[in-house]
Protein chains: 2
Amino acid sequence: MDNKSTEDYIKSIYRLEQDNGTALTTSLARLLGVGAGSVTDMVKKLSDKRLLHYEPYQGAKLTPDGKRLALKMVRRHRLWEMFLVTFLNYKWDEVHDEAERLEHVTSEGLEQRIDKALGYPKVDPHGDPIPTAEGELIDVSYKSLSDCNVSDEGVIVRVSDDSPEMLQLLTKLGLGLNTKIRISQKVKYDGSVIITMGGREIPLSPVMSKSIFINIPE
Amino acid sequence: MDNKSTEDYIKSIYRLEQDNGTALTTSLARLLGVGAGSVTDMVKKLSDKRLLHYEPYQGAKLTPDGKRLALKMVRRHRLWEMFLVTFLNYKWDEVHDEAERLEHVTSEGLEQRIDKALGYPKVDPHGDPIPTAEGELIDVSYKSLSDCNVSDEGVIVRVSDDSPEMLQLLTKLGLGLNTKIRISQKVKYDGSVIITMGGREIPLSPVMSKSIFINIPE
DNA sequence: TAATAAATTTAGGCTTACCTAAATATAAAT
DNA sequence: ATTTATATTTAGGTAAGCCTAAATTTATTA
């Protein structure tokens with residue numbers, strides 16, 4: 001059983017479990033880009049390795065060991081992203097794929113040295129929190145623009161890392177972490193959100209406004 | 001055919017071909033830690049991929065494509081070694097294994113950024129030359145201590161990266177790149193070489209003296 | 001409640017890179 | 001030149017992680 005596959009499965013299961021309470025076969029298959037049958041195979045093997053609990057037809061849930069591994073991978077991924085931006089002049093839209101590869105060949109020692117070189121950062125370039133070495137994930141409180149009300153204001157503290165294209169667009173619009181914005185209008189008709197930022201009015205699509213978070217407790 | 005195996009075979013073949021003119025099956029097997037039968041299998045596949053020429057019983061020799069790949073891997077390995085030392089406080093005896101893993105997940109872009117961040121270095125932390133992006137390997141001229149004569153003197157420009165233990169010992173003795181030394185005696189009895197360095201006399205075993213090189217043209 | 005749809009598992013296969021042991025080729029030594 | 005030793009190849013097998021299609025289970029809808 002090889003490193004990369006195991007780690008990718010565990011990461012995906014972790015994400016699905018966070019979102020849906022359990023990682024169903026088909027969702028996993030879609031996320032990993034493999035067939036459903038392959039997932040069933042692999043999930044059984046990971047269950048044998050005590051990384052997850054598997055009940056046929058009920059999906060998978062990580063064991064404490066599995067969760068520990070998942071958080072370790074998330075930590076490595078986000079540390080690498082931060083490192084690439086800080087030391088190698090990557091932009092926030094360029095780091096995801098590189099980190100995806102690097103995370104699988106990162107020793108304990110390398111992880112520690114990167115952490116130290118960065119001054120023990122708490123978040124990655126997209127504002128996602130970096131789990132501690134002990135596997136603790138402190139989540140900051142924030143609210144997506146689509147959940148905000150008109151005249152809410154705050155500072156962008158997190159942006160979804162789902163699409164480089166979207167991140168590039170934000171850069172172009174002058175929006176980044178720590179940018180101060182205000183909700184100026186919510187368009188019922190199409191679900192857009194219009195924000196003001198330094199005097200300018202910027203309209204954001206529904207998807208976009210779900211991807212941007214400001215520091216207002218939910 | 002996966003990345004890592006292909007790259008490891010090509011690297012090993014490159015090294016053997018440099019040393020012996022050809023990469024014989026058994027040597028390759030020993031270097032890679034696999035059985036001879038496995039090597040024959042794999043070498044045939046690499047031959048199909050036009051990375052090497054293979055004549056049964058005669059060993060393998062890289063094609064231009066194969067050599068290009070080999071030098072690319074050597075370049076990435078040595079850039080990573082330099083990077084780990086320069087940016088992450090690794091010692092020269094700690095970098096080999098990390099680089100061995102990192103080199104296989106290094107994109108073109110990452111390679112370039114590391115190169116730039118380091119200021120386009122010419123050698124790695126052990127004094128091994130770093131091939132250019134175009135695959136050119138400029139080898140510096142040097143001579144191993146065992147090939148030197150009494151009263152030869154110069155500066156250490158390269159040290160074999162074969163054993164972390166040996167590198168640690170050198171550090172302990174105060175010997176590193178750019179250290180100035182002089183051959184003070186060659187002991188016929190056991191093949192030792194005695195050097196002077198900053199007034200101190202330091203005896204070096206035959207193996208050790210084959211692993212240290214100073215800047216005297218051969 | 002029975003029929004239908006959707007999700008999941010099972011079964012049989014493929015490829016890659018490895019293994020071991022037997023067969024064969026080459027090289028060395030008598 | 002023939003034997004002996006060494007190197008190499010061949011042949012048959014294995015484990016991982018994937019695939020597809022058939023069988024089964026679960027969920028939904030009539």
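A residue is near a molecule or strand if one of its heavy atoms lies within 4 Å of it. With that rule, 22 residues surround DNA strand C, and the closest are Thr26(A), Lys44(A), Tyr54(A), Asp2(B) and Ser38(B).

Some housekeeping. This is a predicted model, in which local features need pLDDT of at least 70 and side-chain atom pairs count only at pLDDT 80 or more, while totals for chains, interfaces and linings use all residues. Residues are numbered from 1 along each chain as its sequence is written, chains are lettered from A and ligands numbered from 1 in the order in which they are written, and side-chain values use heavy atoms, with hydrogens and water left out.

Let me stay with strand C. Of its atoms within 4 Å of the protein, 80% belong to sugar or phosphate and the rest to bases. Both chains contribute elements to this surface: α2 (25-32) and α3 of chain A, and α1 (3-20) and α3 of chain B, each supply at least two residues. Helices here are DSSP runs of H or I with at least four residues, strands are runs of E with at least two, and both are numbered from the N terminus. By type, the surface near DNA strand C divides into 10 nonpolar, 8 polar and 4 charged residues. For that count, Ala, Val, Leu, Ile, Met, Phe, Trp, Tyr, Cys and Pro are nonpolar, Asp, Glu, Lys and Arg are charged, and the others, Gly among them, are polar.

Now the individual polar contacts, meaning pairs of N or O atoms within 3.5 Å; within protein, one must be able to donate a hydrogen and the other to accept it, and residues adjacent in sequence count only if both atoms are side-chain atoms. On strand C, a side-chain N or O atom of Lys44(A) is 2.3 Å from a phosphate oxygen. Tyr9(B) places a polar side-chain atom 3.2 Å from a phosphate oxygen of this strand. Which part of strand C does the side chain of Asp41(B) approach? A base nitrogen, at 3.0 Å from an N or O atom of that side chain.

On to DNA strand D. It is surrounded by 22 residues, the closest being Asp2(A), Gly35(A), Thr26(B), Lys44(B) and Tyr54(B). Sugar and phosphate make up 80% of the strand D atoms that come within 4 Å of the protein. Here the elements that each supply at least two residues are α1 (3-20) and α3 (36-48) of chain A, with α2 (25-32) and α3 (36-48) of chain B. The surface near strand D contains 10 nonpolar, 8 polar and 4 charged residues.

Three contacts on strand D. A polar backbone atom of Gly35(A) is 2.5 Å from a phosphate oxygen. Tyr57(A) has a polar side-chain atom 3.2 Å from a sugar or linking oxygen. A backbone N or O atom of Tyr57(B) lies 2.9 Å from a phosphate oxygen.

Tyr57(B) deserves another look. This residue sits in the loop between β1 (52-55) and β2 (59-62) of chain B, and its phi is positive, about 70°, although it is not a glycine. Most residues other than glycine have a negative phi. Is Tyr57(B) buried or exposed? At 83% relative accessibility, Tyr57(B) counts as exposed; the cut-offs are under 20% relative accessible area for buried, over 50% for exposed and partly exposed in between, with a 1.4 Å probe and protein chains only.

Asn178(B) also has a positive phi, near 75°. Its place is the loop between α7 (164-173) and β5 (180-186) of chain B, and at 63% relative accessible area Asn178(B) is exposed.

Next, the core. A nonpolar core is a set of buried Ala, Val, Leu, Ile, Met, Phe, Trp, Tyr and Cys residues joined through side-chain atoms within 4.5 Å. The largest has 28 residues, and Trp80(A) and Trp80(B) have the most contacts inside it. In both chains, α4, α5 (95-102) and α6 (108-117) each supply at least two residues of this core. Contact means heavy atoms within 4.5 Å; leaving out residues up to four places away in sequence, Trp80(B) touches residues including Trp80(A), Leu102(A), Leu102(B) and Ile114(B).

Last, Glu111(B), in helix α6 of chain B. Glu111(B) counts as buried, at 1% relative accessibility. Its side chain makes a polar contact of 2.6 Å with that of Arg75(B). Beyond four places in sequence, the residues in contact with Glu111(B) are Lys72(B), Arg75(B), Arg76(B), Leu79(B) and Thr106(B).
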